[in-house]
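Here are my notes on chain B, set out as numbered points. Please read them with the model open.

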Amino acid sequence: MPGVYLGLLIFSCAGMVVLDWRHRLFFWKSPMRAACVLAVGLLGFIAWDVWGIGERIFFRGDSPLLVGVNVGHEFPVEELFFLTLLCYMTMNLYSALSRWESGRANRTDEPRIPGSHAPAKDEIA
Amino acid sequence: MSYAFIVLVVLGIAAAIAVASLLLGARISWVAASLSAVVLFISTGIFDNLMIGVGLFAYNEDTLLRLYVGSAPIEDFAYPLAAVLALPALWELFGRWDPADVRTIIRSSRPISWVNTAYPFAAAYLLSEGNIDSTFVVGTLFFLVPYNLLMYGVNDVFDYESDMRNPRKGGVEGAVLPKRLHRPILVASAITTIPGVIWLLAVGNLVSGILLIACVAGVLAYSVPPVRTKERPVADSITSSLHFVGPAIVGLAFGGATWTPQLVAIIVSFFFWGWASHAFGAVQDVVADREAGIASTATVWGARFTVRLAFLCYAASAVAVLFSGWPGPLAAVLVIPYLFVVAPHWNVTDETSPEANRGWRSFLWLNQIAGFGVTMLLIWFALGD
């Protein structure tokens, strides 16, 4: 069934977009930054793949799940979506976890003095 | 080559990005990064096995370490590791930058001039190699942005004192750079230049590599003390011209061109054109440069001598191109407008030298016409080949 792999990748990427949108993690936090990070990540991983393919280390399988469109020598179109998913997932995870971590740190660091109020988020930053 | 070797190089680069980001002030949350890595490793372990299992891709066993997690080669785990090392670091680094400062740094590389260095490389490479390949793309991108940041951005850092006193700087012709941006510019120049140079050195031969390094060294020598050729008469115009001729020579070397006398004639013509343009450009700054205590062809030999030198160099450029292969000699026509722009200043004095700015400004659009004309000739030449 050609297109199964591509379909799953697009589905997963869409999931990343929804999480990003819902929790303001990456593109919905800072669009330009996110675009630059994703661009650098994609270019780096593509260069890595091309290098590996050039050295005949890994190559495209003949799986019937692939749509059969190549964007480069031994480089199926699906790989672009896979690399996007890898970068997007890394950044969504990192963004969510660092928010969780700083939230936790703020709770424990907060001095327990009667009458003091928790500093607003902007004051800490 | 083994997969492990590639992995080591890639992880080295990813780690370098992380370290560089930290040094530049990025605050990475290591807890978040480590937890992300754990999740990504587990996902990789599951999905890599699935993907290999259904035959989406395969490996050449001889290049592997033959250590597996299920059927996934251990090397594959470098993908999430590299991602988690480099991407959060970049994210935190970019977050520390003021968008206005980023724009200033990009402006310092003179985007209006980017094409002037990328084009000579691209045209020279394409005509000698005949194909668009990865070297063409990387080389053109390298000479488009990093090379210009290295040239103009670094130049602005070392020109700071004199530029502060020159009212002409600050518009399209240049930008006075706040002192706090000096270090970021030098760092940005290094970070954008080094990967391109390494790539080009790796794919080129000995001669092209030496020429590339000479080209980059020439750009630095122009403004960086103690060499700082821009303050040495003659050497200033020659290095400046080589900034633009250099990419063409490098392009020819990477493309494996044969150095016929006709080809040398074109390069010599281009070189004289660059020399003339630089010399004439310095005339308008005679007063400002003298006040700032900066030497140049124009301050040492005077505005009038320099204008006449520029005129003769343009003439030499027109003559040299006559010796190139057909239809090259037609390019001599493109040089004539420059003679007309420079000629009115033939009797300029040091006092009236700022007037030369008018002539220099017309270069900005004259260069576009000349570039268009040269392109037409190149296409004609390529089609006739």
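1. Charge first. This is a predicted model, and every value below is computed from it. Chain B carries 20 positive and 24 negative charges. The mean positions of the two sets are 11 Å apart.

2. Overall build. Chain B has 17 helices and 3 strands. Its C-alpha atoms fill a box of roughly 80 × 50 × 30 Å along the principal axes. Take contacts in chain B with a separation of 6 or more: 73% of them are between residues 24 or more positions apart.

3. Surface and burial. Chain B has 385 residues, and 51% of them count as buried. The accessible surface of the chain is about 17700 Å². Carbon and sulfur atoms account for 72% of that surface.

4. A nonpolar patch. Which residues form a nonpolar patch on the surface? They are Val38(B), Ile42(B), Ile46(B), Phe47(B) and Leu50(B). Together they offer about 480 Å² of accessible area. Leu50(B) belongs to helix 2, which spans residues 30-53. Its relative accessibility is 49%, so Leu50(B) counts as partly exposed rather than exposed, a class that begins over 50%.

5. Gly45(B), in the helix of Leu50(B). Gly45(B) is also in helix 2 of chain B. Is Gly45(B) buried or exposed? Its relative accessibility is 14%, so Gly45(B) counts as buried, the limit being under 20%. Gly45(B) and Ile74(B) are 29 residues apart in sequence. Their C-alpha atoms are 9.3 Å apart in space.

6. Backbone points to check. Most peptide bonds are trans, and most residues other than glycine have a negative phi. The next three points list departures from these habits.

7. The loop between helix 10 and helix 11. Helix 10 covers 206-223 and helix 11 covers 235-255; Pro226(B) sits in the loop between them. A cis peptide bond joins Pro225(B) to Pro226(B), with omega about 0°. Arg228(B) is in the loop between helix 10 and helix 11 as well. Arg228(B) is not a glycine, yet its phi is positive, near 35°. With a relative accessible area of 10%, Arg228(B) is buried.

8. A cis bond at Trp326(B). The peptide bond from Trp326(B) to Pro327(B) is cis, and omega is near 5°. Pro327(B) lies in the loop between helix 15 (303-321) and helix 16 (332-342).

9. Arg110(B). Where is Arg110(B)? It lies in the loop between helix 4 (99-108) and helix 5 (114-129). Phi of Arg110(B) is positive, about 55°, although the residue is not a glycine. Arg110(B) has a relative accessible area of 7%, so it counts as buried.

Note on methods: Residues are numbered from 1 along each chain as its sequence is written. Chains are lettered from A and ligands numbered from 1 in the order in which they are written. This is a predicted model: local features need pLDDT of at least 70, side-chain atom pairs count only at pLDDT 80 or more; totals for chains, interfaces and linings use all residues. Side-chain values use heavy atoms; hydrogens and water are left out. Helices (H or I, at least four residues) and strands (E, at least two) are DSSP runs, numbered from the N terminus. Buried means under 20% relative accessible area, exposed over 50%, partly exposed in between (1.4 Å probe, protein chains only). Contact means heavy atoms within 4.5 Å. Accessible areas come from the Shrake-Rupley method with a 1.4 Å probe; for residues, only the protein chains shown count as cover. Lys and Arg count as positive and Asp and Glu as negative; His and the chain ends are not counted. The place of a charge is taken as NZ of Lys, CZ of Arg, CG of Asp or CD of Glu. Patches are made of residues with over 30% relative accessible area and no salt bridge: like charges are joined within 9 Å, nonpolar side chains (Val, Leu, Ile, Met, Phe, Trp, Tyr) within 5 Å. A salt bridge is a side-chain nitrogen of Lys or Arg within 4 Å of a carboxyl oxygen of Asp or Glu.
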